[in-house]
Amino acid sequence: MAQGFLKPSAPSTTDDYTGLEPADSKFNAAGSTVNSNDLTNANNKGLLISAELLGTDLGAVDQYKWDYNIADLSEQPTLLPRTTGNDLYFRVIDTRSTTPSFSVMASYTPAETQPFTMWFKNDQSAVQLSPTDQTVLSADQMTADNGVYTKTFDENAGLLIKASIAARAGSYTGKVVWALVDGVH
């Protein structure tokens, strides 16, 4: 990330940038050349170049739904795909290294007692979510493109619920909290 700053005199130390708002900034893909001419504000007096870890899209949609009739459920608890809501999408920018080691964690807190459990299925493994953070995705499981890491899950992967015919009919809600963590957990 290259950021240009306006200031009466050119900053001389990194601490001089503390608390300043950049006049403009440009994301530079990993391995690209940083050029101050790429910044658009001709009045910039300082340039700060830094590597960043940013979770720009974690989950990416506010609501996902599972709309099932009891008759649609099996006798044994089964992972059920989302019936409404877009794909589950993750995008992380990591310009710090060519071998990143970040992970995405998730926790799930139901709003009330629920007759199902919330799961995260990534490729062939699945983990039950709880109020405690758990790793659900790591950098090496995402598609990399010049420091931008992405992963998309259709309705049959990512967030799923596990329920059986014993589930009591009703409308239930809960909240998933995503966290981007530096280092694989």
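**Exercise 1. Work out the strand order of the open sheet of 4 strands and find its edges.**

Solution. Step one: the order is β4-β6-β12-β11, with antiparallel pairing. Strands here are DSSP runs of E with at least two residues, numbered from the N terminus, and two strands pair if DSSP finds at least two bridges between them.

Step two: β4 and β11 (143-145) each have a single partner strand, so they stand at the edges and one side of each lacks a neighbour in the sheet. From one strand to the next, the twist averages 15 degrees, with axes fitted as lines to C-alpha atoms and angles running from 0 to 180 degrees between N-to-C directions.

Step three: follow β11 to β12 (residues 148-153), where the antiparallel pairing runs over 3 bridges. Asp-145 stands opposite Val-148 in β12.

A word on the ground rules: this is a predicted model, in which local features need pLDDT of at least 70 and side-chain atom pairs count only at pLDDT 80 or more, while totals for chains, interfaces and linings use all residues. Residues are numbered from 1 along each chain as its sequence is written, and side-chain values use heavy atoms, with hydrogens and water left out.

**Exercise 2. Classify the ring pairs Phe-90 with Phe-120 and Phe-102 with Tyr-149.**

Solution. Step one: recall the rule. Rings of Phe, Tyr and Trp (its six-membered ring) pair if their centres lie within 6.5 Å; planes under 30 degrees apart are stacked, over 60 edge-to-face, and the rest tilted. By this rule there are 7 aromatic pairs.

Step two: for Phe-90 and Phe-120, the centres are 6.2 Å apart and the planes at 75 degrees, so the pair is edge-to-face. Phe-90 sits in β6 (residues 88-94) and Phe-120 in β8 (residues 117-122), 30 residues apart. Both are buried (under 20% relative accessible area with a 1.4 Å probe, protein chains only; exposed is over 50%, partly exposed in between).

Step three: for Phe-102 and Tyr-149, centres 5.4 Å apart and planes at 80 degrees make the pair edge-to-face. Phe-102 lies in β7 (residues 102-110) and Tyr-149 in β12, so the pair ties together parts 47 residues apart in sequence. Phe-102 is buried at a relative accessible area of 0%, and Tyr-149 is buried at 6%.

**Exercise 3. Which residues join Phe-90 and Phe-120 in one aromatic cluster?**

Solution. Start from the Phe-90 and Phe-120 pair, whose ring centres are 6.2 Å apart. Then add Phe-153 and Trp-178, which complete the cluster.
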